[in-house]
Amino acid sequence: MPALVPLPRDFYSRDPRLVSRDLLGKILVRRRPRKLLAARIVEVEAYLGQDDPAAHSACGRTPRNAALFGPPGHSYVYFIYGNHFCFNVSCLPDGEAGGVLFRALEPLMGIEEMAKERGMSVDRESGMSTLRKLTSGPGRLAQAFGITREYDNEKDLTSIRSNLIIVDDAFRPRRVEITPRIGITKAVAHPLRYVIAGNKFVSKL
């Protein structure tokens with residue numbers, strides 16, 4: 001693991017498309033007493049703000065989506081389908097709406113803890129299909145990291161004091177694929193989903 005220094009605010013104060021590409025390969029970290037959960041970011045989607053019909057910010061600023069309007073580098077967590085949370089990070093300068101949705105992670109540390117959060121069991125004999133179920137998909141990864149709206153919404157991911165941060169271990173993907181986003185009904189053709197090509201943990205191979 002690299003030193004637990006979070007990515008700086010200016011990393012996020014950019015177009016969500018640039019942030020999305022650059023987030024691939026970074027590590028999401030949840031710090032707990034005597035526990036550390038870490039997973040590599042392998043799939044994200046960009047949401048472009050009020051001009052993006054699929055974005056939560058398209059309707060303008062509300063109490064629910066306020067985190068998307070800044071400052072950059074804060075978490076935006078929402079509840080969907082009545083059964084799971086989705087985790088995002090705000091982008092662009094303060095006052096401008098934009099964000100990135102986290103869709104899949106590759107577990108690195110704290111796998112047993114993630115499995116416990118997911119109500120699963122993993123051991124040395126667990127195959128790839130079992131490990132994929134931990135963090136492949138936005139609802140799964142949020143549950144694995146214990147991410148909820150009540151506990152994590154508007155959390156500052158750039159603060160060294162935060163227990164939820166993103167760090168850089170100098171890993172760089174060999175190839176990035178860009179596809180249309182998944183699971184939406186508006187602006188479905190826009191190529192705004194970014195994945196590490198060939199990674200087995202992306203939500204849709």
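Start your tour by selecting Cys-91: at 0% relative accessibility, this residue counts as buried. Keep in mind as you click around that you are looking at a predicted model.

**Stop 1: the cysteines**

With Cys-91 still highlighted, add Cys-86 to the selection. Cys-86 also counts as buried, with a relative accessibility of 3%. How far is the sulfur of Cys-91 from the closest cysteine sulfur? That closest sulfur belongs to Cys-86 and sits 16 Å away, which is too far for a bond. A disulfide needs the two sulfur atoms within 2.5 Å. Searching the whole structure turns up zero disulfides. Cys-86 is in none, and its nearest cysteine sulfur is that of Cys-91, 16 Å away.

**Stop 2: the β3–β4 hairpin**

Now select residues 75–80 and 84–90, which are strands β3 and β4. The two run antiparallel and are joined by six bridges. For a landmark, label Tyr-76 and look across to β4, where Asn-88 stands opposite. Then move to the turn: three residues lie between the strands of this hairpin. One to pick out there is Tyr-81, which has a positive phi of about 60°.

**Stop 3: Gly-98 and its neighbours**

Follow the chain on from β4 into the loop that leads to β5 (99–109), and select Gly-98. Is this glycine buried or exposed? Gly-98 is buried, with a relative accessible area of 2%. Leaving aside residues up to four places away in sequence, show what Gly-98 touches: Pro-16, Tyr-47, Gly-49, Leu-68, Val-89, Ser-90, Cys-91 and Leu-92. Cys-91, where the tour began, is in that set of contacts. For a longer view, draw a line between the C-alpha atoms of Gly-98 and Arg-172: they are 24 Å apart in space and 74 residues apart in sequence.

**Stop 4: strand β5 and its partners**

Select β5 next. How many of its 11 residues are buried? Eight are, so the strand is mostly covered. Display the backbone bridges and you will find β5 pairing with β4 in the antiparallel sense over three bridges. Val-89 has Val-100 in β5 as its bridge partner. Bring in β2 (35–47) as well; β2 and β5 pair in the antiparallel sense over nine bridges. Here you can label Arg-40, whose bridge partner in β5 is Glu-106.

**Stop 5: helices α3 and α4**

Finish with residues 111–118 and 128–135, which are helices α3 and α4. Their axes are 9 Å apart and the packing angle is about 70°, so the two helices are roughly perpendicular to each other. The crossing is left-handed. To see the contact itself, show side chains for Ile-111, Met-114, Ala-115 and Arg-118 in α3, which meet Leu-131, Lys-133, Leu-134 and Thr-135 in α4.

Which residues of α3 are buried? They are Glu-113, Met-114, Ala-115 and Arg-118. An α-helix has 3.6 residues a turn, so residues three or four places apart point the same way. Expand the selection around the buried residues of α3 and you reach β1 (27–32), β2, β5, α4 and α5 (138–144), against which they pack. Last of all, click on Gly-119, which follows α3 and has a positive phi near 70°.

Methods
Residues are numbered from 1 along each chain as its sequence is written. This is a predicted model: local features need pLDDT of at least 70, side-chain atom pairs count only at pLDDT 80 or more; totals for chains, interfaces and linings use all residues. Side-chain values use heavy atoms; hydrogens and water are left out. Buried means under 20% relative accessible area, exposed over 50%, partly exposed in between (1.4 Å probe, protein chains only). Two strands pair if DSSP finds at least two bridges between them. Helices (H or I, at least four residues) and strands (E, at least two) are DSSP runs, numbered from the N terminus. Axes are lines fitted to C-alpha atoms, for helices over the stretch in contact, and angles run from 0 to 180 degrees between N-to-C directions. Angles under 35 degrees count as roughly parallel, over 145 as roughly antiparallel, 65 to 115 as roughly perpendicular and the rest as oblique. A crossing is left-handed if the near helix is turned anticlockwise from the far one by less than a right angle, and right-handed if clockwise. Contact means heavy atoms within 4.5 Å.
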